[in-house]
Amino acid sequence: MLDIDAIRKRALAASTNATEALQESQEKNARLLEHATQEMPTDAPASDTLEAQAADPFAQPATEQDAANAQRHVEILGQVLDADSLAQMMANTEQMQKMVQDAVAQATASGLEDMMGHLFGEDMGVLAAAMETLAMEDGEEDEEDQEPESEQMLYNLLEETMARLEALPEPAPVPYPKEGPPWEQFGILLSGIVSCLNGHSLDRMDVEEHVPVLEQQVVSIVRRSWGIDGRSDLLDMIRYLAQEGYILRYQLYAGAASPEELMDEDMDEADRESTCRAWRFVQQYKEQYTPGFLAGWDVGRAAMLARWGCYLGWITEGEAIGILWDLARHVTEHLHSWREFAQSYLFGGLMWKLLRGDSSAASYLGYIADAATELLTGRPGKEGGQWRECPWPAQRKIGFTL
């Protein structure tokens, strides 16, 4: 998840820097005043009020004496500085005060995303909206204080959402060449759901421009949420998703006569409960969906990891292209359209949420469905429709000679 404490620290640092600049300007004014007052008669006013007015010449005098003191202060400064310098110093101080006040008011009135944008620019504003979604991928959301959602309600929501996706328009599959750019673009688009949710680019291998803060955020999520700490871990995880993943897990849960067969003695109570939830889910749908239906869930995440790994320099672009090629061939053996791919992602995502036992499954299904809809249909006046523009590969027909 996004590090709120870190954001607050950066905001505080920005405000502190501005305040220090203002204080430095005020201290300079005070030194000028002190230098000038050394030449004043011994009966000149030296009260706390005069010092306060010197620190802030724009404050309203509380009494006539204060007003006189303030006027004397301006006259003293006028003796030390010429008229133009004095006017510029006063304008600078006033401008700095206004900047600090505006920054504080703006940060207070705006939400997290707006504050990020004001402090760090457009890239960090995008990240504020994106990082929560990145953390969803095997992340560590804190859901302990929320009540778990009804399993039957989630089943109903899943079926309704999958039916809505099934009704979306999609071009018919088209034949692809044996190799080349169409397969490369198709491989990149396999990461479409997570990429869409995070505002990542889908027209090239790099997910974002190489801006240090973006690179640091991506590497933090990959390490914390996936336990991946470099090239070896990355390749191991991609290999697991491509060769085993939830396809194997679904198969094991479907073949178990009871959830106890899937448990071991080291499991705590929470793990046992999540195993029971996932087992009931698989038993509910095992006659309707085969294990291969989970290919979209496994491959979609593996494709995203390949692109993140390439972006971070853990694998080369050539290696990433090769990985996406293999993933593309794997997923097209099991699924036959982008709609089915999105349905697979929904299905696997719900099983994952049930295994984790958190209470955000319903909203997660909504995020996935919205992303898939955008990829298939686009949005008026905005980017989208990348799946529509890159139809699913048609399965090759194999001829036999007698």
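At what angle do the axes of H16 and H17 cross, and within what distance do they come? In this predicted model, the axes of H16 and H17 come within 10 Å and cross at roughly 165°. Angles over 145 degrees count as roughly antiparallel, and H16 and H17 are therefore roughly antiparallel to each other, with a crossing that is right-handed. On the H16 side the residues that meet H17 include Trp-338, Ala-342, Tyr-345, Gly-349 and Lys-353, while the residues of H17 that take part include Ala-361, Tyr-364, Ile-368, Ala-372 and Leu-376.

Before following these helices further, it helps to set out the whole. The secondary structure of the protein comes to 18 helices and 0 strands, and of its 402 residues 43% count as buried. Among the contacts that join residues at least 6 apart in sequence, 77% are between residues at least 24 apart.

Ala-372, which has its place in helix H17 (residues 361-377), illustrates such links from the H17 side. Its relative accessible area is 0%, so Ala-372 is buried. Once its neighbours within four places in sequence are left aside, Ala-372 is in contact with Leu-165, Ala-342 and Trp-387, and of these Ala-342 is also listed among the H16 residues that meet H17. Ala-372 and Cys-196 are 176 residues apart in sequence, yet their C-alpha atoms are 8.4 Å apart in space. Elsewhere between H16 and H17, Lys-353 lies over the face of Tyr-364, at 5.0 Å from the ring centre; Lys-353 belongs to the H16 residues of this interface and Tyr-364 to those of H17.

H16 also packs against H14, with an angle of about 90° and the axes 6 Å apart. Since angles of 65 to 115 degrees count as roughly perpendicular, that makes H14 roughly perpendicular to H16. In this packing Ala-295, Gly-296, Trp-297, Gly-300 and Arg-301 of H14 meet a set of H16 residues that includes Phe-341, Ser-344, Tyr-345 and Gly-348. Tyr-345 and Gly-349 appear in the H16 set that meets H14, and Tyr-345 and Gly-349 are likewise named in the H16 set that meets H17.

The aromatic residues give another way of tracing these connections. A search of the whole structure finds 25 aromatic pairs, and one of them is formed by Tyr-246 and Trp-297, which are edge-to-face at 5.9 Å centre to centre with 85° between the planes. Because Tyr-246 lies in helix H12 (residues 245-255) and Trp-297 in helix H14 (residues 295-311), this pair ties together parts that are 51 residues apart in sequence. Tyr-246, at 5% relative accessibility, counts as buried, and Trp-297 is buried with a relative accessible area of 1%.

Trp-297 pairs with Tyr-345 as well: the ring centres are 4.9 Å apart and the planes are at 75°, so this pair is edge-to-face. The pair formed by Trp-297 in helix H14 and Tyr-345 in helix H16 (residues 338-356) links distant parts of the chain, 48 residues apart. Tyr-345 counts as buried too, at 2% relative accessibility. Returning to the ring of Tyr-246, the charged end of Arg-249 sits over it, 5.0 Å from its centre. A separate grouping of rings is the aromatic cluster formed by Tyr-176, Trp-183, Phe-186, Trp-325, Trp-338, Phe-341, Trp-387 and Trp-392; of these, Phe-341 is named among the H16 residues that meet H14, and Trp-387 is one of the contacts of Ala-372.

A further helix pair involves H7 and H13. The axes of helix H7 (residues 151-166) and helix H13 (residues 269-285) come within 12 Å and cross at roughly 45°, and H7 and H13 are therefore oblique to each other; their crossing is right-handed. Here Glu-151, Tyr-155, Leu-158 and Glu-159 in H7 meet Arg-277, Arg-280, Phe-281, Gln-284 and Tyr-285 in H13.

H13 also contains Ser-274, which is buried with a relative accessible area of 7%. Leaving aside its neighbours within four places in sequence, Ser-274 is in contact with Leu-354 and Leu-355. Ser-274 and Arg-356 are 82 residues apart in sequence but 6.3 Å apart in space, C-alpha to C-alpha.

How values were computed: Residues are numbered from 1 along each chain as its sequence is written. This is a predicted model: local features need pLDDT of at least 70, side-chain atom pairs count only at pLDDT 80 or more; totals for chains, interfaces and linings use all residues. Side-chain values use heavy atoms; hydrogens and water are left out. Rings of Phe, Tyr and Trp (its six-membered ring) pair if their centres lie within 6.5 Å; planes under 30 degrees apart count as stacked, over 60 as edge-to-face and the rest as tilted. Helices (H or I, at least four residues) and strands (E, at least two) are DSSP runs, numbered from the N terminus. Buried means under 20% relative accessible area, exposed over 50%, partly exposed in between (1.4 Å probe, protein chains only). A charge sits over a ring if NZ of Lys or CZ of Arg is within 6 Å of the ring centre and within 35 degrees of the ring normal. Axes are lines fitted to C-alpha atoms, for helices over the stretch in contact, and angles run from 0 to 180 degrees between N-to-C directions. Angles under 35 degrees count as roughly parallel, over 145 as roughly antiparallel, 65 to 115 as roughly perpendicular and the rest as oblique. A crossing is left-handed if the near helix is turned anticlockwise from the far one by less than a right angle, and right-handed if clockwise. Contact means heavy atoms within 4.5 Å.
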